Amino acid sequence: MKKKAISILLSLILALTLCLGSIGSASAASYSGTKTIMEKVGTSLYAKVKTPAFGPIGGEWLMYGFAEAGFKLPDAYVKSYQQTVEQALEDGYRGQKGILHDRKYTEYSRVIIAYSALGLDPTNIRGYNMVEKLADFEKVIWQGINGPIFALRALDSGNYQIPKVSGIENVTTRQKLVDCILDNQLSDGGWDLGGKTADPDLTAMALESLAPYYLQTKVKKAMDRAIRCLSEMQQADGGYASYGTASLESCAQVVSALSNVGINANTDSRFKKNGKSVLDAMLTYYDEKEGGFRHVNTAGGGYEPVVNQMATEQGYYALAQYFESVPGQTAGVKVSCTKTKNLKVTWTGQNMAEGYQIVTASNSSFTKSVKKTTVSAGTAKTQTKTISGLTKGKTYYVKVRAYKTVNGRKVYGLYSSVKKVTVK
């Protein structure tokens with residue numbers, strides 16, 4: 001359990017729908033219902049944490065979650081958090097001003113990630129530059145694989161350039177961080193803090209950090225192996241266990257990772273077991289009465305099945321990342337014949353959609369005469385596309401879904417209801 005606690009405390013990245021998805025079958029929770037859960041959790045966290053403060057709990061990940069979810073925070077609330085970071089730097093680690101820790105450089109990465117999400121500048125916190133702290137590669141990797149994972153995420157959170165710092169022999173580069181992560185991939189396709197068998201938490205964290213580098217051939221291969229590994233580690237109920245303990249945090253890490261590599265964690269068949277997605281499993285930890293998440297659902301290992309602050313924060317930002325990456329179900333679809341062999345398809349546009357996929361077929365199961373048409377999203381409230389080249393007198397079935405590109409991959413939302421029309 002000691003390793004589990006370390007894994008959770010250092011976790012970085014760290015959401016659900018009733019319908020047929022891009023590669024899967026029906027799920028238990030609705031998209032809108034799950035979004036409501038996320039909003040309730042955010043409200044609950046804000047009410048419970050009166051004064052956010054520098055640290056892994058009630059600090060950076062909390063603020064990161066609020067920012068990712070678009071929670072409207074009062075300026076005074078954000079300022080109170082900033083003041084604790086500034087005070088930590090002024091006090092210094094063991095009295096060394098400007099130092100958050102002399103070994104755990106994930107402390108700097110965590111602050112960079114939170115500040116970036118909040119729209120704050122981590123390169124000048126009362127004159128202290130957090131990004132500068134990541135310039136020494138040897139210090140960044142001292143903690144183990146979580147060091148480069150966090151550092152890469154931190155640098156990419158604001159597209160920061162590593163500043164030149166005198167006296168450093170082994171200067172950090174993004175490629176060094178990428179290569180370090182790749183070099184530590186295990187034979188089963190995952191990552192662990194020190195063992196030889198993949199841990200889902202760390203594997204998900206590594207996968208997310210590598211996502212922006214997917215176009216590198218070696219990174220793509222590593223990511224594909226990691227995705228297979230995570231799929232194989234998924235339990236029969238759709239959830240995940242780390243070091244023998246099934247937990248909310250493990251589910252949340254996987255949801256976060258998948259959301260950042262262009263995979264819908266609720267509909268992709270690779271992440272469904274017995275009809276349950278990882279998001280379905282994640283929601284079993286939700287306590288509606290308290291508006292938070294439990295760490296475990298069954299007592300054991302020193303944990304009781306009660307709402308837990310760390311679990312709630314991680315579940316919150318995992319859902320926030322899901323809803324930031326996955327479009328909702330396309331609505332308002334209408335189909336009409338405009339002229340011979342043509343169909344006019346209209347639907348209600350979504351703010352977050354980059355484009356839409358229109359699918360036509362000659363049978364309701366969409367296996368015959370299938371035609372897929374992709375269109376870019378327009379700014380109008382009602383989107384329109386004419387599908388031509390169809391057969392006169394033939395009946396067609398039509399459905400539409402939105403997509404968004406995440407790190408080079410299209411993430412699809414749910415299909416609309418199916419419309420039936422006969423071509424004139």
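**Exercise 1. Cysteines**

Find how far the sulfur of cysteine 180 is from the closest cysteine sulfur, and say whether that is too far for a bond.

*Solution.* Step 1: the closest cysteine sulfur belongs to cysteine 229, 18 Å from the sulfur of cysteine 180, which is too far for a bond. The structure is a predicted model. Step 2: recall the rule. A disulfide needs two cysteine sulfur atoms within 2.5 Å. Step 3: count. By this rule there are zero disulfides. Step 4: check the surroundings. Cysteine 180 has 15% relative accessibility, so this residue counts as buried. Cysteine 337 has 22%, so that one counts as partly exposed. The cut-off for buried is under 20%.

**Exercise 2. Two packed helices**

Describe how helix H8 passes helix H9, and name the residues that make the contact.

*Solution.* Step 1: choose the quantities. Two packed helices are described by the angle between their axes and the distance between the axes. Step 2: read them off. The axes of H8 and H9 (residues 200-210) come within 11 Å. They cross at roughly 145 degrees. Step 3: give the hand. The crossing is left-handed. Step 4: list the contact. H8 supplies Val178, Ile181 and Leu182. H9 supplies Ala206, Ser209 and Leu210. Step 5: sort these residues. Five are nonpolar, one is polar and none is charged.

**Exercise 3. A covered helix**

Decide whether helix H3 (residues 60-69) is mostly covered or mostly open, and list its buried residues.

*Solution.* Step 1: count. Eight of the ten residues of H3 are buried. Step 2: conclude. The helix is mostly covered. Step 3: name the buried ones. They are Glu60, Trp61, Leu62, Met63, Tyr64, Gly65, Phe66 and Glu68. Step 4: look past the end. Just after H3 comes glycine 70, with a positive phi of about 75 degrees.

**Exercise 4. Positive phi outside glycine**

Place asparagine 159 and asparagine 274, give the phi of each, and say whether each is buried or exposed.

*Solution.* Step 1: start with asparagine 159. Its loop runs between helix H7 (146-157) and helix H8 (174-183). Phi is near 50 degrees, positive although the residue is not glycine. Its relative accessibility is 58%, so asparagine 159 counts as exposed. Step 2: turn to asparagine 274. This residue sits in the loop that joins strand S3 (272-273) to strand S4 (276-277). Here phi is near 55 degrees, again a positive value in a residue other than glycine. Asparagine 274 has 69% relative accessibility and therefore counts as exposed. Step 3: check the cut-off. Exposed means over 50%.

Notes: Residues numbered from 1 in each chain as written. Predicted model: local features only at pLDDT ≥ 70, side-chain atom pairs only at ≥ 80, totals over all residues. Heavy atoms only, no water. Helix = DSSP H or I, 4+ residues; strand = E, 2+ residues; numbered from the N terminus. Buried < 20%, exposed > 50% of the residue type's maximum accessible area, 1.4 Å probe, protein only. Axes fitted to C-alpha atoms, helices over the stretch in contact; angles between N-to-C directions. Left-handed = near helix turned anticlockwise from the far one by under 90°. Contact = heavy atoms within 4.5 Å. Nonpolar A, V, L, I, M, F, W, Y, C, P; charged D, E, K, R; others polar.
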